[in-house]
Amino acid sequence: MNNMIPLASVLDSFFAPNACSPDQCTSRPESDIFESDNNYLVKVDLPGVTKDNLTIELKNETLTVNASTEQSTPEGYRSLRSERQNRIEFSRTFQLGSGIDGQNIEAKFSDGVLTLTIPKSEKSLPKQIEIS
């Protein structure tokens, strides 16, 4: 009798972006990160989420985005088939490092996309050194 779990199955579950059960799904939302001279710009896809179900937290040098959305049966209807989970939770963590200005992060949320503007700290910006 072989009680071993196939390695491919272990790797698939480890690298999978979602962990789902019939009632709930936890998803790591897709994101894009951009850089300018003064800021980082992070865009996070959060489909179906409203602003009321979204939290952003900066603790030390870690920025965490958590969100959730719930599906329900419309009033006056009964469910015949449901392929979507009742509750979807999104969670994404970013390690920012010490070169950011955490006090001035700006967040905007529109059409299911969270946009974070993360300014670089003054000490991390390049400086011109005058030659005397």
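1. Starting at the N terminus, the elements run α-β-β-β-β-β-β-β-β-β. That gives one helix and nine strands in the protein. Keep in mind as you read that this is a predicted model.

2. A couple of overall figures help you get oriented. The protein has 132 residues, and buried ones make up 22% of them. If you take contacts between residues at least 6 apart in sequence, 55% of these join residues at least 24 apart.

3. Now the strands. One open sheet has four of them, in the order β3-β4-β9-β8, and the pairing is antiparallel. The edges are held by β3 (31-35) and β8 (106-110); each has a single partner strand, so one side of each is left without a neighbour in the sheet. On average, neighbouring strands of this sheet are turned by 15° against each other, direction ignored.

4. Inside that sheet, have a look at β4 and β9. These two run antiparallel and are joined by seven bridges. If you want one pair to find on screen, take Leu41, whose bridge partner in β9 is Thr117.

5. Asp32 is a handy marker for β3, the strand it lies in. Is Asp32 buried, partly exposed or exposed? Its relative accessible area is 44%, which makes Asp32 partly exposed, since that class falls between the buried limit of 20% and the exposed limit of 50%. Leaving out residues up to four places away in sequence, Asp32 touches Leu41, Val42 and Lys43. With Lys43, the separation along the chain is 11 residues, and the C-alpha atoms are 5.2 Å apart.

6. Next come β5, β6 and β7. Strand β5 (residues 54-59) runs antiparallel to β6, with six bridges between them. Glu57 has Thr64 as its bridge partner in β6. The hairpin of β5 and β6 has two residues between the strands, and there Asn60 takes a positive phi near 55°. On to β7: β6 pairs with β7 over nine bridges, again in the antiparallel sense. Here Ala67 has Phe90 as its bridge partner in β7.

7. β7 deserves a closer look for its side chains. In a regular strand, side chains alternate between the two faces of the sheet. Which residues of β7 point to the buried face? They are Ile88, Phe90, Arg92 and Phe94, while Arg87, Glu89, Ser91, Thr93 and Gln95 point to the other face and are not buried. Note that Arg92 is listed on the buried face.

8. What about the nonpolar core? The largest one has 15 residues, and those touching the most other members are Leu46, Leu54, Val65, Leu114 and Leu116. At least two residues of this core come from each of β4 (39-45), β6 (62-70), β7 (87-95) and β9 (113-119). Leu46 is a good place to zoom in: not counting residues up to four places away in sequence, Leu46 touches Pro29, Leu54, Val65, Ala67, Phe90, Phe109, Gly112 and Leu114.

9. On the aromatic side, how many aromatic pairs does the structure hold? The count is zero. There is a charge over a ring, though: Lys120 lies over the face of Tyr40, at 5.1 Å from the ring centre.

10. Finally, two exposed residues outside the strands. Gln103 has its place in the loop between β7 and β8. With a relative accessible area of 76%, Gln103 counts as exposed, because the class begins over 50%. Between Gln103 and Pro119, which are 16 residues apart along the chain, the C-alpha separation is 9.0 Å. Pro126 sits in the segment after β9 and is also exposed, with a relative accessible area of 76%. Pro126 and Asp37 are 89 residues apart in sequence, yet 8.6 Å apart in space, C-alpha to C-alpha.

Notes. Residues numbered from 1 in each chain as written. Predicted model: local features only at pLDDT ≥ 70, side-chain atom pairs only at ≥ 80, totals over all residues. Heavy atoms only, no water. Phe/Tyr/Trp six-rings, centres within 6.5 Å; stacked < 30°, edge-to-face > 60°. Lys NZ or Arg CZ within 6 Å of the ring centre and 35° of its normal. Core = buried A, V, L, I, M, F, W, Y, C linked by side-chain atoms within 4.5 Å. Buried < 20%, exposed > 50% of the residue type's maximum accessible area, 1.4 Å probe, protein only. Helix = DSSP H or I, 4+ residues; strand = E, 2+ residues; numbered from the N terminus. Contact = heavy atoms within 4.5 Å. Pairing = 2+ DSSP bridges. Axes fitted to C-alpha atoms, helices over the stretch in contact; angles between N-to-C directions.
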